Amino acid sequence: MPRTLLALALLLSLSDWVGADDAPDRAALRKKMERAMGPLPGADRKVPLDPKVVSEEKLDGYVRRKVTFAVEKGDRVPAWLLVPVGAARERKAPAVLCLHQTVAIGKDEPVGLGKQDSKAQALHLVKRGYVCLAPDYPSFGEYKYDFPAAFQRGDYQSGTMKAIWNNMRAVDYLQSLPEVDGDRIGAIGHSLGGHNAMFTAAFDERLKAVVSSCGFCSFEKYYKGNLKGWTSDRYMPKIASEFGSDPKKVPFDFSDVVVSFAPRPFLAVAPEKDSNFEVSGVREVIEVAKPVYQKLGAADRLRAVYPDAGHEFPADARKTAYEFLDLFLRR
């Protein structure tokens, strides 16, 4: 969309997003997302977390624990928990939910057990003093999950919503830990992890700062409007079954997601040569969200960097991302 038309669209739609106090109508924005993702379960779906430590290793400056915790009846999520040595002795530490990309090893990559150090956000952040939790996304790593059966039971209508629910329980788990300051929790992820972090933050305001690397662009700019990649059971099959994979018919866009964060801090890492998420579609989303942040006096909390790279999380962008989290979580 040309900038003049984008600005006009923004002026026409801004009243749909904000109320008299200039705050986003988050409930309305979530309802738009739920039309494509299915409804967020109610609190009655919660069960005791019943956390279990499967293994524990003392490494260089931190402890790595393989854990599982219950997210609902009959379902436990495997995760890695990294805890800095000395956490909570003097002051409770901030924490970050570190979400993996589309990779078979799932949670192993963020903790440095994969081949790409650039995706080892949990390992990098624990060495900066954060408690880090890296769970498996449903059907990745050690987390076996039968989407068709879950859909048939009516438990969920998308893998996206199941992941949101699991991540919200992961925040419950982080807040239960004696080492963690429950008011200083953020989320970071690359690709799948990038939009997984965003979707979770839209529904869970306990996430106080969010970083998404290569995680989104406007639906219209995603592969020139070809939304097939969003329609598998792991993501949002209703985009195809109910909305014909038509960007104009999908009931939400990423501008809604980012607006829902305001005034919480959000950083988008959007490489200029990302072949998955067209950078112009990221710029459009950020431009749409800017006035909402500005009205709330939080313009400095919405940021984007556009490195000269492909679908990657390059070193300079990682440095920016970690400093961004430090600014808002290590206060």
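Helices (H or I, at least four residues) and strands (E, at least two) are DSSP runs, numbered from the N terminus. The structure is a predicted model, in which local features need pLDDT of at least 70 and side-chain atom pairs count only at pLDDT 80 or more, while totals for chains, interfaces and linings use all residues. Residues are numbered from 1 along each chain as its sequence is written, and side-chain values use heavy atoms, with hydrogens and water left out.

**Exercise 1. State where Gly229 is found and how far it is from Thr320.**

Solution. Step one: Gly229 is found in the loop between β7 and α7 (238-241). Step two: buried means under 20% relative accessible area, exposed over 50%, and partly exposed in between (1.4 Å probe, protein chains only). With a relative accessible area of 40%, Gly229 is therefore partly exposed. Step three: from C-alpha to C-alpha, Gly229 and Thr320 are 29 Å apart in space, and in sequence they are 91 residues apart.

**Exercise 2. Determine how many disulfides the model contains, and explain the result for Cys132.**

Solution. Step one: a disulfide is a pair of cysteine sulfur atoms within 2.5 Å. Step two: the count by this rule is 0 disulfides. Step three: for Cys132 the closest cysteine sulfur belongs to Cys98 and is 4.1 Å away, which is too far for a bond. Step four: Cys214 is likewise in no disulfide, as the nearest cysteine sulfur, that of Cys217, is 11 Å away. Step five: Cys132 is buried at a relative accessible area of 1%, and Cys214 is buried at 2%.

**Exercise 3. Describe the salt bridge between Lys32 and Asp256 and the parts that it ties together.**

Solution. Step one: side chains of opposite charge can pair when their charged atoms come close. A salt bridge is a side-chain nitrogen of Lys or Arg within 4 Å of a carboxyl oxygen of Asp or Glu. Step two: a search of the whole structure yields 28 salt bridges. Step three: in the pair of Lys32 and Asp256, the closest N and O atoms are 2.9 Å apart. Because Lys32 lies in helix α2 (residues 26-37) and Asp256 in helix α8 (residues 254-261), this pair ties together parts that are 224 residues apart in sequence. Step four: Lys32 is partly exposed at 29% relative accessibility, whereas Asp256 is buried at 3%.

**Exercise 4. Analyse the salt bridges of Lys66 and Asp75.**

Solution. Step one: Lys66 meets Glu142 in a salt bridge of 3.3 Å, N to O. Lys66 is in strand β2 (residues 62-72) and Glu142 in the loop between β5 (131-135) and α4 (147-153), so parts 76 residues apart in sequence are tied together. Of these two, Glu142 is partly exposed, with a relative accessible area of 42%, and Lys66 is buried, with 18%. Step two: Asp75 forms a salt bridge with Lys162, and the closest N and O atoms are 2.6 Å apart. Asp75 belongs to strand β3 (residues 75-84) and Lys162 to helix α5 (residues 159-176), so the pair ties together parts that are 87 residues apart in sequence. Both Asp75 and Lys162 are buried. Step three: Arg45, Glu72, Asp75, Arg153, Asp155 and Lys162 are joined into one network by salt bridges that share partners.
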